Structures are given as structure tokens and as C-alpha cells.
Amino acid sequence: QVQLVESGGGLVQAGGSLRLSCAASGNIFRINDMGWYRQAPGKEREWVVISTSGGRTNYADSVKGRFTISRDNAKNTVYLEMNALRPEDTAIYYCFAEVQRSINSRTTYWGQGTRGTVSA
């Protein structure tokens, strides 16, 4: 089995920063894409950012220039540095990873979510 464990959420004032982490562990042959979604109160889950195994990144327009994704492949960990935070960034942040447990398998796993709250 594979687990994704997130950390780093919290409460911050508008304009502040948070850094989220998501570590994958378990029966892992290879990790391909990693990234983050978020779900704001009363809204549907929305995609935030993706990092491919080839090193490409793509951001939602709402976070472009403020959020930065990075990953440590040796540690199977992805990070999300969030700067210039706005109250509308308040959400539960979920990481995901497309994991190969063998050369012929691909499964997307999700973290449990970590809450980020931005006060005005």
C-alpha cells in the first residue's frame, strides 16, 4: 500500500506565507506526477498545480506567481510554497501522486488534506 502524509497547514494573515509538505511512503516503484488540489468552504475541489516526473510544472491562473511547487524525488516528497496569500486561498489542500507500484501499474493516491486559513 501507499500513503501520502501532508503537513504544514495553519493560520496566517493575508500577505503571509505557508509551506506545505507531502511525503509518500510504502510500496513505491516510481512516482510520476505529483501535485496539489484544494477545496474551499462550500466549493468544489479545484486543481492548483502539477509537477511531472520530467520536471515540468503547471499552475492554475489563480496561484501563478504566488505559489511554487518543488519535489525531492529521493524522499518521495512534494512541497508547496505559498506566498502573498489571500483570504480566498483558504481551503483544505490535498496532495496527489501517480504511483507505480510495479512497472505495469499506475494508481493515483491522495493525502488526507491539510487546512490553510488566511485571515483578512
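Which residues do ring pairs link into a cluster? Let's work that out together, then move on to the core and the pocket.

The model is predicted, so local features need pLDDT of at least 70 and side-chain atom pairs count only at pLDDT 80 or more, while totals for chains, interfaces and linings use all residues. Residues are numbered from 1 along each chain as its sequence is written, and side-chain values use heavy atoms, with hydrogens and water left out.

**Exercise 1. Trace the aromatic cluster.**

Step 1. Start with the criterion: rings of Phe, Tyr and Trp (its six-membered ring) pair if their centres lie within 6.5 Å; planes under 30 degrees apart count as stacked, over 60 as edge-to-face and the rest as tilted. The structure holds 3 such pairs.

Step 2. Take Tyr-37 and Phe-96. Their ring centres are 5.5 Å apart and their planes stand at 70 degrees, so this pair is edge-to-face. Tyr-37 belongs to strand 4 and Phe-96 to strand 9, so the pair ties together parts that are 59 residues apart in sequence. (Strands are DSSP runs of E, at least two residues, numbered from the N terminus.)

Step 3. Now go on from Phe-96 to Trp-110: this pair is tilted, at 5.6 Å centre to centre with 45 degrees between the planes. Trp-110 lies in strand 10 (residues 107-110), so this pair joins parts 14 residues apart in sequence.

Step 4. Check accessibility, where buried means under 20% relative accessible area, exposed over 50%, and partly exposed in between (1.4 Å probe, protein chains only). Phe-96 is buried at 8%, whereas Tyr-37 at 25% and Trp-110 at 36% are partly exposed.

Result: the cluster consists of Tyr-37, Phe-96 and Trp-110.

**Exercise 2. Find which strand gives the most to the largest nonpolar core.**

Step 1. A nonpolar core is a set of buried Ala, Val, Leu, Ile, Met, Phe, Trp, Tyr and Cys residues joined through side-chain atoms within 4.5 Å. The largest one has 29 residues, and those with the most contacts inside it are Leu-4, Trp-36, Phe-67, Leu-80, Met-82 and Tyr-93.

Step 2. Several strands each supply at least two residues of this core, among them strand 1 (2-7), strand 3 (18-26) and strand 9 (91-100). Strand 9 gives the most, with 5 residues.

Step 3. Look at Leu-20 in strand 3. Leu-20 is buried, with a relative accessible area of 1%. Beyond its neighbours within four places in sequence, Leu-20 is in contact (heavy atoms within 4.5 Å) with residues including Trp-36, Leu-80, Met-82 and Tyr-93.

**Exercise 3. Describe the lining of the largest pocket.**

Step 1. On a 1 Å grid over the protein atoms alone, a pocket is an open set of points where a 1.4 Å probe fits, with protein on both sides within 12 Å along at least five of seven lines; lining residues have an atom within 4 Å of a point. The largest has a volume of about 170 Å³, volume being the space filled by probe spheres set on the points.

Step 2. Its lining includes Arg-38, Lys-43, Glu-46, Ser-62, Arg-86 and Thr-90.

Step 3. Sort the lining by type: 2 residues are nonpolar, 2 polar and 8 charged. Here Asp, Glu, Lys and Arg count as charged, Ala, Val, Leu, Ile, Met, Phe, Trp, Tyr, Cys and Pro as nonpolar, and the others, Gly among them, as polar.

Notes. Helices (H or I, at least four residues) and strands (E, at least two) are DSSP runs, numbered from the N terminus.
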